[in-house]
Each structure stands twice: as structure tokens, then as C-alpha cells.
Amino acid sequence: MKELVGHCVLCGRPVYCDSGFLDGVVRDDGKVQCRSCPEEEEPPSKPDAPKAP
Ligand SMILES: [Zn+2]
């Protein structure tokens, strides 16, 4: 039995949960991403830059 979990935030394809097996990943922000897409790219910004003495 397939259950629609949501749509991939990257490509917009529907992501299903098939018998407990999620065909994708749910990110910490609650958004769904399919397995066909690469993992979330980290933004180039660095919020915690080391301080130089
Ligand atoms: Zn996708």
C-alpha cells in the first residue's frame, strides 16, 4: 500500500511511503525530498566563522 507523503521540494515528484518504506527523505524542516535527487546542498554561507585572534 502506497501512501503519498508529499512532493519533492527539488523536482516536484510525488514521494510515497510504500509499506513503511519511504521513497525519499523527510528533512528537518518537514519538507520531502525524493531519492532521485541528490542530497541537499549546503549553502556556501558560513554562519559560524572562526574568529582570528
Ligand atoms: Zn526530487
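Helices (H or I, at least four residues) and strands (E, at least two) are DSSP runs, numbered from the N terminus. This is a predicted model, in which local features need pLDDT of at least 70, side-chain atom pairs count only at pLDDT 80 or more, and totals for chains, interfaces and linings use all residues. Residues are numbered from 1 along each chain as its sequence is written.

**View 1. The whole protein, with 0 helices and 5 strands.** Reading along the sequence gives the pattern β-β-β-β-β. A residue is called buried if 20 or more other C-beta atoms lie within 10 Å of its own, exposed if 12 or fewer, and partly exposed in between, with C-beta atoms placed from the backbone. By that count, 11% of the 53 residues are buried. Two residues are in contact if their C-beta atoms, placed from the backbone, lie within 7 Å. Among the contacts with a separation of 6 or more, 22% join residues 24 or more positions apart.

**View 2. An open sheet of 3 strands in the order S1-S2-S3.** The pairing in this sheet is antiparallel. S1 and S3 are the edge strands, since each pairs on one side only. Two strands pair if DSSP finds at least two bridges between them. As a reminder, strands of a sheet pair through backbone hydrogen bonds, either parallel or antiparallel.

**View 3. Strand S1 alongside strand S2.** Here residues 2-7 (S1) and residues 14-18 (S2) pair in the antiparallel sense over 5 bridges. To find your way along the pair, start at histidine 7, whose bridge partner in S2 is proline 14. Then look for leucine 4, whose bridge partner in S2 is tyrosine 16. The hairpin has 6 residues between the strands, and in it glycine 12 takes a positive phi near 85°. S1 lies largely in the open, because the number of buried residues among its 6 is 0.

**View 4. The hairpin of S2 and S3, with serine 19 in its loop.** S2 pairs with S3 (residues 21-22) in the antiparallel sense, over 2 bridges. Aspartate 18 stands opposite phenylalanine 21 in S3. This hairpin has 2 residues between the strands. Do pause at serine 19: its phi is near 50°, a positive value in a residue other than glycine. For background, most residues other than glycine have a negative phi. Serine 19 counts as exposed because it has 8 C-beta neighbours inside 10 Å.

**View 5. Leucine 22 in strand S3.** Leucine 22 counts as partly exposed, because it has 15 C-beta neighbours inside 10 Å. Leaving aside residues up to four places away in sequence, leucine 22 touches Val5 and Cys17. Another residue to locate in this view is glutamate 3, which is 19 residues from leucine 22 in sequence and 9.2 Å from it in space, C-alpha to C-alpha.

**View 6. Glycine 24 in strand S4.** S4 covers residues 24-26. Glycine 24 is buried because 21 other C-beta atoms lie within 10 Å. Not counting residues up to four places away in sequence, glycine 24 touches Cys8, Val15, Val32, Gln33, Cys34 and Arg35. You can also locate valine 5, 19 residues away along the chain, with 9.3 Å separating its C-alpha atom from that of glycine 24.

**View 7. Valine 26, also placed in strand S4.** Valine 26 is partly exposed, because 14 other C-beta atoms lie within 10 Å. Along the chain, valine 26 and glycine 6 are 20 residues apart, and their C-alpha atoms are separated by 9.3 Å.
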